[in-house]
Amino acid sequence: MNIWEYLRNQEWALYKRLRRLRLRTKDFTIIASNCTGTIMYHDLGLPYRTPTVNLTIPMPDLVKMAGNLRWYMDQELVERAPLEGESCPTALLGDIRVNFVHYSSFAEAAEKWNARKKRICWDRLILVGAERDDCGYEVLQAFDSLPWPNKVVLTHVDYPEFPSAFHIPGFEDQPELGMVLAYKPQPLKRRYMDGFDYVTFLNQSVRTDPEGGRADEAGAL
């Protein structure tokens, strides 16, 4: 490793440490459509208080699941045969498709899912989506209409009509959001998703009513 790469990695480590120091809210559950939620927990050094770790859920299914989350969390995962082109373990949660992209077997994935769903923080739920995996305009509309006070969907272009949408620059010439966990071609080590200040987003999250989805005043702890 040359001196430039060493300094670059040191700055990156400092950047992440400073981000952890800014975090004020630590008891929350991120329900995410892909690994963006996983990376938030990982970078902040927090335990996974969510079953949606190292997996993908199609955006239409995420919207459906978020509309009746307690019911879906009471359902058992059922293994299903992968579709053509799929190589990871896959399952159905009721009528929701879950792709366990970073697991070697369904048994391992189900064990992790069941253990982590017991840690859900029902009074501070956060929904994180991404404009990919069958996420058309109507799905963005449905996502934005969900009665979740704490939600964001990362998009490849700006959608000013949707308060929950956050544009990640760099994918405007693509039909959907690209790999936001990839590093940008620039001197400082930053991923595309680092353009979203998720620490401020998490700090501003509000407590949610476990039954009705209502919220207290913004920032209440």
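**A colleague's note on the core, a pocket and two loops**

1. A good place to start is the largest nonpolar core, which has 62 residues. The residues with the most contacts inside this core are Ile 30, Met 65, Leu 77, Leu 93, Val 98, Phe 100 and Leu 202. As general background, nonpolar side chains in soluble globular proteins tend to be buried together.

2. Before going further, please keep in mind that this is a predicted model. The average pLDDT of the protein is 92, and 94% of the residues score at least 70. Residues 212-221 have a pLDDT below 50, and this stretch makes 22 contacts in the model beyond near neighbours in sequence. I would read those contacts with the low pLDDT of residues 212-221 in mind.

3. Leu 202 is one of the core residues with the most contacts, and you may like to find its partners in the view. Setting aside neighbours within four places in sequence, Leu 202 is in contact with Leu 23, Thr 25, Phe 28, Ile 30, Leu 44 and Ile 126. Among these partners is Ile 30, which is also on the list of core residues with the most contacts.

4. Next, have a look at Thr 38 in helix H2, which covers residues 36-43. Is Thr 38 buried or exposed? Its relative accessible area is 4%, so Thr 38 counts as buried, the cut-off being under 20%. Not counting residues up to four places away in sequence, Thr 38 touches Tyr 48, Thr 52, Val 53 and Asn 54.

5. Asn 54, one of the residues touched by Thr 38, sits in the loop between H2 and helix H3 (59-66). Asn 54 has a positive phi of about 55°, although it is not a glycine. With a relative accessible area of 21%, Asn 54 is partly exposed.

6. A second residue to check for its backbone is Asp 134, in the loop between strand E5 (125-130) and helix H6 (137-145). Asp 134 has a phi near 70°, a positive value in a residue other than glycine. Asp 134 has 55% relative accessibility and therefore counts as exposed, the cut-off being over 50%.

7. Finally, the second largest pocket has a volume of about 170 Å³. Which residues line the second largest pocket? They are Asn 34, Cys 35, Thr 36, Thr 56, His 102, Arg 132, Asp 133, Leu 177, Gly 178, Met 179, Val 180 and Leu 181. By class, this lining has five nonpolar, five polar and two charged residues.

Definitions and conventions
Residues numbered from 1 in each chain as written. Predicted model: local features only at pLDDT ≥ 70, side-chain atom pairs only at ≥ 80, totals over all residues. Heavy atoms only, no water. 1 Å grid on protein atoms, 1.4 Å probe; cavity = no way out; pocket = protein on both sides within 12 Å on 5 of 7 lines; lining within 4 Å. Points joined across faces, edges and corners; volume = space filled by probe spheres on them. Nonpolar A, V, L, I, M, F, W, Y, C, P; charged D, E, K, R; others polar. Core = buried A, V, L, I, M, F, W, Y, C linked by side-chain atoms within 4.5 Å. Buried < 20%, exposed > 50% of the residue type's maximum accessible area, 1.4 Å probe, protein only. Contact = heavy atoms within 4.5 Å. Helix = DSSP H or I, 4+ residues; strand = E, 2+ residues; numbered from the N terminus. pLDDT = per-residue confidence, 0-100.
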